Amino acid sequence: MAEHETQGGATRRQATLPDEQGRFGEYGGQYLPPQLEEPFAEIVRAYHEIENDAAFIAELRYLRTHFQGRPTPVYHARTLSLENGGAQIYLKREDLNHTGAHKLNHCMGEGLLAKYMGKKKLIAETGAGQHGVALATAAAHFGLECEIHMGEVDIEKQAPNVSRMKLLGATVVPVSHGLRTLKEAVDSAFEAYLADYDRSIYCIGSVVGPHPFPLMVRDFQRVVGIEAREQFAEMTGNLPDVVEACVGGGSNAIGIFTAFLDDPVELVGVEPLGRGEAVGDHAATMTYGREGIIHGFKCYLLQNEDGSPAPVYSCASGLDYPGVGPEHSYLKDAGRVDYVTASDDDARDAFFKLSRLEGLIPALESAHAVAHALVKAREMKTGTVLVNLSGRGDKDLDYVIEHWGTGEPGDD
Ligand SMILES: *Cc1c(COP(=O)(O)O)cnc(C)c1O
């Protein structure tokens, strides 16, 4: 996309990744049932046609400014930094992006692609409902139909997001087989797409899934890093020493990391350690996983003996995925990005600190990145840490109050 101009060396480096088969080293690719090969090939062709199309880029830029409210600011968290001791902490405010998180960045891109392809309907699955809401928002804007597949268990747990999707005009399809959660919803959405791919497009919610989604979603999210790099340099006259982001599938992290890959900047991805190291208690894919295949691509994967995805858990529903983006898997092996963990308790403490000291109630996902940034900043003593604050915490308030109270002494 046109942002390449301002991207410097990262563009030159990433121009070669992924390769034509969508591989980042040994990761990524396309592991599809034969019937889905042609529909995905159509998406690959369409994306390569429009990615440098002036009208497409101009429309996306217009929407980012006038619909989403971009650029989002970078904010120097002075009080938090002072209280914490050590390096200065800065936040890239994706919580101020429309719908309250970074996800709309790629959903608007996917919706616009659908429009250029002449498709009439967006199909996706959702777990906690965040991807479903962002996609339903894009569909409403573009006047497209939207069909969101969701396990019955999740529908019950995520009533406000189900209402939001319906308000935005989406159809929520309840999935009633198996465990009735995300995995079954993925299967159901794939089936619906297969039955209707002439007039619809499947929209993935992170830098995961078969080629071209890890590439395409990265390209739509890189605006975060491009803005942040410029804004930070303007504010401080320098680049940050460290950039941190939480990693579920990895879209907000890759979005900010991409701009700094060729800079002398330390990059840190923070995975959820949940309740601890036992299988089923966390979703720290790169820390405890090994190479495997899930949902049509190869990556680090938390898996059972037989290669099936292991059960995962985090208090942050956007982080509990057993796989991770293929580019992250590649960057880990290449030693360019460090992947570390933060537990539920760490995220809770950071959530309360940021709320009290800065007046910012973060998403629990983002609180994981803040939690590790606090540790890092204390270790560093001086310098700067830029954190991608991927979203706001409104969606998490019920969970927080029920489990931890309001954070006042004695209230938990
Ligand atoms: C979904 C979500 C995430 C995790 O997704 P990534 O693809 O890893 O970025 C992180 N933060 C927020 C606020 C989310 O909604």
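**Burial, salt bridges and ligand contacts**

Colleague: Why does Glu291 count as partly exposed?

Modeller: Glu291 has 35% relative accessibility, and partly exposed is the class between buried (under 20% relative accessible area) and exposed (over 50%), with a 1.4 Å probe and protein chains only; Glu291 therefore counts as partly exposed. This is a predicted model, in which local features need pLDDT of at least 70 and side-chain atom pairs count only at pLDDT 80 or more, while totals for chains, interfaces and linings use all residues. Residues are numbered from 1 along each chain as its sequence is written, and side-chain values use heavy atoms, leaving out hydrogens and water.

Colleague: What makes the pairing of Glu291 with Lys298 a salt bridge?

Modeller: The term requires a side-chain nitrogen of Lys or Arg within 4 Å of a carboxyl oxygen of Asp or Glu. The closest N and O atoms of Glu291 and Lys298 are 3.5 Å apart, so the pair qualifies.

Colleague: Why is Lys298 called buried?

Modeller: Its relative accessible area is 18%, so Lys298 meets the criterion for buried.

Colleague: How do you know that the side chains of Lys376 and Glu266 meet in a salt bridge?

Modeller: Their N to O distance is 2.6 Å, so the salt-bridge criterion is satisfied. Lys376 is buried at 13% relative accessible area, whereas Glu266 is partly exposed at 31%.

Colleague: What makes the approach of Lys103 to the ligand a polar contact?

Modeller: A polar side-chain atom of Lys103 lies 2.6 Å from a ligand oxygen atom, and a polar contact is a pair of N or O atoms within 3.5 Å; the pair therefore qualifies.

Notes. Polar contact = N/O pair within 3.5 Å; in protein donor to acceptor, adjacent residues only side chain to side chain.
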